[in-house]
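Please read the sequence alongside the model before going on. The text after it takes the reader from strands to helix, ligand and rings.

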Amino acid sequence: VGTTITLGLAAMARGLADRTGLVTALPHFRDLPLPEPAQFVIGGHDIRQTTFAASADEFRQNSGVFGAEWIDACRDELAAASDRVRPAPQLGLGSAVLRLANWNEPKPARSVRQAIDLIAADLAAFVAAQSIDHLIVLNVASTEPVFRLGPIHKEWDVLEPALADAGGETLPSSAFFALAAIGAGHTYINFTPSLGASFPACWELAQTTGALHAGKDGKTGETLMKTVLAPMFAYRNLKVMSWVGHNIFGNRDGLVLDDPINKASKVETKDRVITEILGYKPSSLVTIEYLPDMGDWKTAWDHIHFQGFLGSKMTLQFTWQGCDSLLAAPLAIDLARLADLEKRRGGKGPMRHLACFFKSPEGVDENDFFKQFDRLVDHVASEHQP
Ligand SMILES: NC(=O)c1ccc[n+]([C@@H]2O[C@H](COP(=O)([O-])OP(=O)(O)OC[C@H]3O[C@@H](n4cnc5c(N)ncnc54)[C@H](O)[C@@H]3O)[C@@H](O)[C@H]2O)c1
């Protein structure tokens with residue numbers, strides 16, 4: 001996803017690619033003062049040492065996406081962005097992700113506090129070197145195992161002093177980045193199902209620093225379909241008895257999700273939306289299986305068994321065949337553009353109006369895609385300057 005964002009911004013800035021797939025290119029948003037692709041400067045962290053160009057080439061070969069001429073035309077931008085990627089602390093990763101790590105950190109972090117400080121120092125150096133006026137930290141790292149919160153995560157005053165002694169069990173890596181960003185007042189957006197900023201102590205910190213934040217888990221494919229179709233069953237008073245979704249795909253995200261404890265995070269966010277929209281829980285089954293030959297192409301087959309008038313039982317099935325990163329990258333760019341608008345308007349704290357982009361929108365109970373979209377349109381159209 002990070003590679004596709006980087007290539008996509010460069011290709012749009014050069015006028016090679018149009019804006020199909022960008023929500024912010026719709027007429028509802030077109031006249032807003034949103035940042036243009038050429039205004040973004042990409043940097044980042046990774047635990048693997050690689051380059052955006054190598055990743056784009058690999059992706060093109062394995063998945064047959066983007067033309068070679070686009071990669072060639074954008075090599076300078078890809079190389080410059082790769083130079084701005086720093087090694088991430090290898091703490092709080094979980095075993096499936098740790099197996100990917102091949103980039104030695106110059107100063108390994110021994111505690112959560114040290115990891116946060118190292119990330120914060122990298123962020124500050126990036127802002128200074130590139131004269132960044134609004135830093136947006138976007139989590140597009142591999143999915144972590146489900147993280148269970150405890151009493152220590154409730155209040156910042158309790159959590160903060162404990163971080164100095166804490167190892168990678170107290171918080172996962174995604175939360176280190178959230179705390180480093182939010183602690184310095186930068187914007188944080190979690191495109192993954194990992195914990196990120198989703199705990200009370202972090203929200204409290206955001207209140208203090210005024211940082212904007214949003215999450216979690218980009219709604220790009222099968223779950224998008226669920227939140228479009230479930231309202232239809234609800235509005236026609238058709239009773240959904242069971243909803244089964246089988247997903248197969250073969251990218252690196254799939255490799256990490258092949259580990260049952262990492263997969264549980266994804267299944268949790270994918271499964272919840274139907275119950276929340278319908279107001280009752282049908283029988284459900286979600287599977288996510290890794291098949292390397294599929295590359296970035298994801299096939300989701302859903303079987304919905306429902307009951308209509310006079311007890312008649314009927315079925316809807318659909319097959320979604322989408323290219324994962326090509327669906328995700330434009331939404332990530334939309335999120336960054338809309339977060340920047342919010343910042344210019346003086347916004348602070350959770351960006352609930354961005355719910356339509358997420359499988360588990362934070363601080364929002366509404367999962368109906370159309371209501372979420374209306375909320376976004378209403379929000380950006382309002383002259384409200386918080
Ligand atoms: N349609 C989509 O592609 C989609 C939709 C919703 C959510 N997501 C989520 O976006 C994330 C990225 O997906 P992807 O296909 O680009 O995966 P990917 O495996 O291609 O990329 C993830 C990158 O993160 C790096 N990484 C892992 N843990 C890290 C850490 N703690 N710190 C720094 N770097 C770390 C990995 O080395 C890898 O380069 C996944 O969590 C995925 O579930 C993707």
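What follows is a walk through selected parts of this structure, which is a predicted model.

We begin with the antiparallel strands. Strand 8, residues 297–307, pairs with strand 6, residues 239–249, in the antiparallel sense, and nine bridges connect the two. Within this pairing, His 246 is found opposite Trp 301 of strand 8. Strand 8 also runs antiparallel to strand 9, residues 313–323, and here 11 bridges join the two. Two positions help to set the register of strand 8 against strand 9: Thr 299 stands opposite Gln 321, and Ile 304 stands opposite Leu 316. The hairpin formed by strand 8 and strand 9 has five residues between the strands, and in it Leu 310 has a positive phi near 55 degrees. As background to these pairings, strands of a sheet pair through backbone hydrogen bonds, in either the parallel or the antiparallel sense.

Trp 297 belongs to strand 8. Is this residue, Trp 297, buried or partly exposed? Its relative accessible area is 36%, and Trp 297 is partly exposed because buried would require a value under 20% and exposed a value over 50%. Leaving out residues up to four places away in sequence, Trp 297 touches Ser 63 and Val 65, then Ile 248, Phe 249 and Gly 250, and finally Gln 321, Gly 322 and Cys 323. Of these contacts, Ile 248 and Phe 249 fall within the residue range of strand 6, while Gln 321, Gly 322 and Cys 323 fall within that of strand 9. The C-alpha atoms of Trp 297 and Glu 58 are 14 Å apart, with these positions 239 residues apart along the chain. Next to Trp 297 in sequence is Lys 298, whose charged end sits over the ring of Phe 249, at 4.4 Å from the ring centre.

Beyond strand 6, the loop that leads to helix 12 (252–257) contains Asn 251. With a relative accessibility of 14%, Asn 251 counts as buried, because the limit for buried is 20%. Asn 251 is in contact with Tyr 290, Gly 295, Asp 296 and Asp 324, its neighbours within four places in sequence being left aside. One of these partners, Gly 295, lies 44 residues from Asn 251 along the chain, yet their C-alpha atoms are separated by 4.9 Å.

A second sheet is built with parallel pairing. It is an open sheet of four strands, in the order 3-4-5-10. Strand 3 (136–139) and strand 10 (349–350) are at its edges; each has a single partner strand, so one side of each has no neighbour in the sheet. The partner of strand 3 is strand 4, residues 187–190, and four bridges join them in the parallel sense. One of the matched positions is Val 137, whose bridge partner in strand 4 is Tyr 188.

Helix 9 covers residues 173–183, and 10 of its 11 residues are buried, so this helix is largely enclosed by the rest of the structure. The buried residues include Ser 173, Phe 176, Phe 177 and Leu 179. After helix 9 comes Gly 185, with a positive phi near 80 degrees.

Ser 173 leads on to the ligand. There are 27 residues around the ligand, and those that come nearest are Val 1, Asp 46, Arg 48, Ala 141 and Ser 173. What polar contacts do Asp 46, Ala 141 and Ser 173 offer to the ligand? Asp 46 places a polar side-chain atom 2.6 Å from an oxygen atom of the ligand. Ala 141 contributes a polar backbone atom, 2.8 Å from an oxygen atom of the ligand. From Ser 173, an N or O atom in the side chain is 2.7 Å from a nitrogen atom of the ligand.

The last topic is the aromatic rings. The structure holds six aromatic pairs. One of them joins Phe 369 and Phe 370, with 5.7 Å from centre to centre and 75 degrees between the planes. This pair is edge-to-face because its angle is over 60 degrees. Phe 369 is buried, at 19% relative accessible area, whereas Phe 370 is partly exposed, at 44%. Both rings belong to one aromatic cluster, together with Phe 29 and Phe 373.

Note on methods
Residues are numbered from 1 along each chain as its sequence is written. This is a predicted model: local features need pLDDT of at least 70, side-chain atom pairs count only at pLDDT 80 or more; totals for chains, interfaces and linings use all residues. Side-chain values use heavy atoms; hydrogens and water are left out. Rings of Phe, Tyr and Trp (its six-membered ring) pair if their centres lie within 6.5 Å; planes under 30 degrees apart count as stacked, over 60 as edge-to-face and the rest as tilted. Buried means under 20% relative accessible area, exposed over 50%, partly exposed in between (1.4 Å probe, protein chains only). A charge sits over a ring if NZ of Lys or CZ of Arg is within 6 Å of the ring centre and within 35 degrees of the ring normal. Two strands pair if DSSP finds at least two bridges between them. Contact means heavy atoms within 4.5 Å. A residue is near a molecule or strand if one of its heavy atoms lies within 4 Å of it. A polar contact is a pair of N or O atoms within 3.5 Å; within protein, one must be able to donate a hydrogen and the other to accept it, and residues adjacent in sequence count only if both atoms are side-chain atoms.
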